[in-house]
Structure formats: structure tokens, C-alpha cells
Amino acid sequence: MQESSGVDRVNGRAAERQLREWRHLFKLDPDREISDSALDAVCRSGTDAVIVGGSTGVTYDNTTDLLARIRRYEVPCVLELSSAEAAVPGFDAYLVPIVLNAGSAEWIAGRQAEAIAAYGSMIPWDTAVGEGYIILNGGSTAAKLTGARTEIGERDVLAYARLADRLMRLPIVYLEYSGRFGDMRLVERVRADLQGARLFYGGGVTDAERARLAAAAAHTVVVGNAIYERLDDALATVAAVKETPAPA
Ligand code: 1GP
């Protein structure tokens, strides 16, 4: 396969245009079991897209299996790629986390560069999108894995967000509280400060009420754990987000 030309890269950013429309996303973990009926409900829920991704135990095989099951439905399906071994072709887009507050460069520009060096000519650049992650729940697996500096205040969070938005010009800033509902005042503050990036919020959105709060603060709300723990409440987050007026 040939590498895309520069022109293709500029003109072919369909994924970036599409993600600007997303308000609600479900995130499915290939390392967790989900029944056919639960997956059916998730894929027909009206969510804008399904993200496939997880912090640990994600393999080529379990990613391929989950993609094949989701592909029975029309919902767009994107892969959040934390390890190059799980780079499965056939997704609508590829989200690549850059953990801005990671404790080691490995998670900022290490693993990503290694993957590009190894798979450079096969990477579908026109559907690859960088995400500037700021991990804020010190107890989460992602925080432990990346050694993230989670005990930081608003000034530092805003600085990371501006780095992603203004200097790196990433299309997504992702405030990640995975497993815990975050500080919506801070989420709102970061979103209002962004100039070009979309603000994704994820963490502890377990029901419609929290979904409304998150949707008022962030551009895009990501729901993960609740799918596995309280499916009906998770499904109710779709309408709750969609009914909340989008912030500027
Ligand atoms: C995880 O941000 C997502 O990467 C969603 O968080 O699992 O807490 O919903 P939850």
C-alpha cells in the first residue's frame, strides 16, 4: 500500500469532520464480555458512534471479534488505539491517545512513534486522529498504567488543554475521569477555553442525570462502564445527551 500524499491528508480528513458532529459515544472494551442482546441495544441506541478501546487486555483477536459483531449494524465504529499490536483494519476511524500528563514520554510520543516506524506505510492517515488526553482520576487503570500526574489544579489542566489545542492543534482534547464522575465546572472551563479542538468528556456517566450535566459542559460525552454495569441507565444517556443543548 502506498502512503497517502500530502493533498490526500488535507482533503481526506473525513473522520475529523465527522467527529465534530458527535455528541454521544459508547466505549466498548474488547477485553470485557458483552451479550448479543446488550450489544444490539448499544448499536441501535442512537449513539453517534461506538469506540472500541480499553487500557489492558486488548489484543488483535478480541478487537477483531468485537468489530465483526458491531459491523452488523450501521453505527460508525472507531478504534481507540493504545497498542500497535491491536491495530485492526476496517474501522471507520482510528483515535490515537497522546497522554499529555503522563509520567513517562512513552505515552506521549514513544509508543506512537514506534508504531509509525514499524507500520508507517500501512497507516491510514486520512482516518487517523490524535486525542490529547488529560487523565484526572488517579485511581483509574489508565492513570496507573501511564503514571499520569493527576493531582493537578485548573491552571495545569488548562495549560495541557491549550498545548493540545493551540500548539499541537489536535482535534480532540479528552478529559478522562474513567470510573469516576468528574468536576463539571472544570470541564466547562476547559471547553470554553478551546479554540479549535472538541472537548470529549468521559468518566462515571452512569445515568441520564449525569449525562445531562456532562453534555452541558462538554462537546462530546463518552459512556463506558455503565454499559456493563447498568445497561438500561446507560442507554438512557443517549437521549439525555441529545436533548441537552450543545455548548458553544
Ligand atoms: C473511559 O472515558 C471513558 O475511557 C468512559 O468512562 O467507563 O467511567 O464511563 P467510564
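This is a short tour of the ligand site and a few residues to select in a predicted model.

**The ligand shell**

Start by selecting the ligand together with K27, Y174, E176, S178, G179, G202, G203, G204, V222, V223, G224 and N225, which surround it. Coloured by residue class, this shell divides into 7 polar, 3 nonpolar and 2 charged residues.

**Backbone contacts to the ligand**

Next, show the backbone atoms of three glycines and the oxygen atoms of the ligand. At G179, a backbone N or O atom lies 2.7 Å from a ligand oxygen. For G224, the distance between a polar backbone atom and an oxygen atom of the ligand is 2.9 Å. At G203, a backbone N or O atom is found 3.3 Å from an oxygen of the ligand. How much of the ligand does the protein bury? Of the 300 Å² that the ligand exposes when taken alone, the protein buries 92%. Now switch to a cartoon view: β6 (172-176) and β8 (220-223) are the elements that each give two or more residues to the shell.

**E176**

Select E176, which sits in strand β6 and belongs to the residues surrounding the ligand. Is E176 buried or exposed? E176 counts as buried because its relative accessible area is 7%, and the cut-off for buried is under 20%. Show what lies around E176: leaving out neighbours within four places in sequence, its contacts are K27, Y133, I134, I135, L136, N137 and G202. Two of these contacts, K27 and G202, also appear in the ligand shell.

**G224**

Move to G224, in the loop between β8 and α10 (226-229). With a relative accessible area of 23%, G224 is partly exposed. The ligand is left out of that value, as protein chains only are counted.

**T206**

Then select T206, in the loop that runs between β7 (198-202) and α9 (208-217). T206 has a relative accessibility of 16% and therefore counts as buried. Which residues does T206 touch, not counting those up to four places away in sequence? They are A226, R230, D233 and A234.

**Comparing with the record**

As a last selection, take the positions that an unreviewed UniProt entry lists under "binding site": K27, Y174, L175, E176, Y177, S178, G179, G204, G224 and N225. Overlay this set on the shell from the start of the tour. K27, E176 and G179 are among the residues found in both. L175 and Y177 are in the UniProt list, whereas G202, G203, V222 and V223 are among the residues that surround the ligand in the model.

Definitions and conventions:
Residues are numbered from 1 along each chain as its sequence is written. This is a predicted model: local features need pLDDT of at least 70, side-chain atom pairs count only at pLDDT 80 or more; totals for chains, interfaces and linings use all residues. Side-chain values use heavy atoms; hydrogens and water are left out. Helices (H or I, at least four residues) and strands (E, at least two) are DSSP runs, numbered from the N terminus. Buried means under 20% relative accessible area, exposed over 50%, partly exposed in between (1.4 Å probe, protein chains only). Contact means heavy atoms within 4.5 Å. A residue is near a molecule or strand if one of its heavy atoms lies within 4 Å of it. A polar contact is a pair of N or O atoms within 3.5 Å; within protein, one must be able to donate a hydrogen and the other to accept it, and residues adjacent in sequence count only if both atoms are side-chain atoms. Accessible areas come from the Shrake-Rupley method with a 1.4 Å probe; for residues, only the protein chains shown count as cover. Ala, Val, Leu, Ile, Met, Phe, Trp, Tyr, Cys and Pro count as nonpolar, Asp, Glu, Lys and Arg as charged, and the others, Gly among them, as polar. UniProt positions are given in the numbering used here, feature names are shortened, and annotations may be inferred rather than shown by experiment.
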